[in-house]
Amino acid sequence: MARRLFALEGIRAVGIERIIAEANVARASLYQTFGSKDGLVVAYLNEQDAADRAAWQAAAQKAAGPGQRILALFDLAIASAPGRGYRGCLYLNAATEFPDPQHPISKAVAQHRTWLREILLTELNAAGAADPEGDADMVQVLYDGGLAGSKFSHCDAPIRVARHRTELLLLAKG
């Protein structure tokens, strides 16, 4: 319940009373399980991170090579955008709402971002990129921009553009 509300409306916009009411749980149960709303949000982000990793792993196993594994990140974003109401990247949204890098929510976001960066570097190295760090920077900007553009345009077109530009970048490097 909280996952849907956070994804569609934002973390700070959804109060704990609404979560309790819509989930039909006792306040004590929620606090006993998560400790606080922040604890619930961290659990939500960690659960989504695990799901994202598993989805990428499944897609990567079917991919023809490192470039296709990178493009799978975009394909997954395109596939999930409608179900998330074209709200962009939930990790970027959370980082915007909780900018303090020491906050547990920011740390959960950073964990996901580190994983994403590692994928890009691993796959770009596997593809033989001459400048994997620089190329990872470009792909990350394209990815983030595509998701942000999706939020503003309420469609997946910006993610598709970012995917196409990433594909061109990979072809130019390969």
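For the lining described below, Ala, Val, Leu, Ile, Met, Phe, Trp, Tyr, Cys and Pro count as nonpolar, Asp, Glu, Lys and Arg as charged, and the others, Gly among them, as polar. With these classes, the residues that line the largest cavity of this predicted model divide into six nonpolar, three polar and three charged. The structure holds one cavity of 30 Å³ or more, and the volume of the largest cavity is about 80 Å³. Its lining is made up of Phe6, Ala7, Gly10, Ile11, Tyr44, Arg84, Arg87, Gly88, Leu90, Asn93, Ala94 and Glu97. Two elements, α1 and α6, each give two or more residues to this lining, and the largest share, four residues, comes from α6.

Helix α1 is a good place to continue. Within α1, the residues Ala2, Leu5, Phe6 and Ala7 are buried, and the cover over the buried residues of this helix includes α2 and α4. Gly10, one of the residues lining the cavity, follows α1 and has a positive phi, near 105 degrees. Phe6 also lines the cavity. Leaving aside neighbours within four places in sequence, Phe6 is in contact with Ile11, Val14, Ile19, Lys37, Leu40, Val41 and Tyr44. Among these partners, Ile11 and Tyr44 are themselves part of the cavity lining.

Phe6 leads on to the nonpolar core. In soluble globular proteins, nonpolar side chains tend to be buried together. The largest nonpolar core here has 48 residues, and the members that touch the most other members are Phe6, Ile19 and Leu45. Two or more residues of this core come from each of α1 (2-9), α2 (16-23), α4 (37-62), α5 (66-80), α6 (90-97), α7 (104-126), α8 (132-153) and α9 (157-173). Helix α7 gives the most, with nine residues.

Helix α7 also holds a charged residue of interest, Glu123. Is Glu123 buried or exposed? Glu123 counts as buried because its relative accessibility is 6%, below the 20% limit for that class. The side chain of Glu123 is joined to that of Arg69 by a polar contact of 2.7 Å. When neighbours within four places in sequence are left aside, the residues in contact with Glu123 are Trp56, Pro66, Arg69 and Ile70. Arg69 therefore appears both as a contact of Glu123 and as its polar partner, which follows from the wider 4.5 Å limit for a contact and the 3.5 Å limit for a polar contact.

Two loop residues can be set beside this helix residue. Asp156 lies in the loop between α8 and α9. With a relative accessible area of 17%, Asp156 is buried, because the class takes in values under 20%. Not counting residues up to four places away in sequence, Asp156 touches Ile78, Tyr86 and Ser150. Ser36 is found in the loop between α3 (27-34) and α4. At 27% relative accessibility, Ser36 counts as partly exposed, because this value falls between the 20% and 50% limits. The side chain of Ser36 reaches the backbone nitrogen of Asp38 at 3.3 Å. Ser36 and Asn46 are 10 residues apart along the chain, and their C-alpha atoms are separated by 15 Å.

The open spaces of the model come next. Rolling a probe the size of a water molecule over the atoms shows where empty space is left. The largest pocket contains about 310 Å³ of space. It is lined by 23 residues, of which Asp52, Ala77, Ser80, Arg84 and Tyr143 are the closest to its centre. Helices α4, α5, α7 and α8 each give two or more residues to the lining of the largest pocket, which by class has 15 nonpolar, four polar and four charged residues. Arg84, listed here beside the pocket centre, is also one of the residues that line the largest cavity.

The second largest pocket has a volume of about 230 Å³. Of its 14 lining residues, Met1, Ala2, Arg3, Phe34 and Leu40 are the closest to the centre. Two or more residues of this lining come from each of α1, α2, α3 and α4. By class, the lining of the second largest pocket divides into 10 nonpolar, two polar and two charged residues. Two of the residues closest to its centre have been met above or are linked to α1: Ala2 is buried in that helix, and Leu40 is in contact with Phe6.

Technical notes: Residues are numbered from 1 along each chain as its sequence is written. This is a predicted model: local features need pLDDT of at least 70, side-chain atom pairs count only at pLDDT 80 or more; totals for chains, interfaces and linings use all residues. Side-chain values use heavy atoms; hydrogens and water are left out. A nonpolar core is a set of buried Ala, Val, Leu, Ile, Met, Phe, Trp, Tyr and Cys residues joined through side-chain atoms within 4.5 Å. Buried means under 20% relative accessible area, exposed over 50%, partly exposed in between (1.4 Å probe, protein chains only). On a 1 Å grid over the protein atoms alone, a cavity is a set of points where a 1.4 Å probe fits but cannot get out, and a pocket is an open set with protein on both sides within 12 Å along at least five of seven lines; lining residues have an atom within 4 Å of a point. Grid points are joined across faces, edges and corners, and a volume is the space filled by probe spheres set on the points. A polar contact is a pair of N or O atoms within 3.5 Å; within protein, one must be able to donate a hydrogen and the other to accept it, and residues adjacent in sequence count only if both atoms are side-chain atoms.
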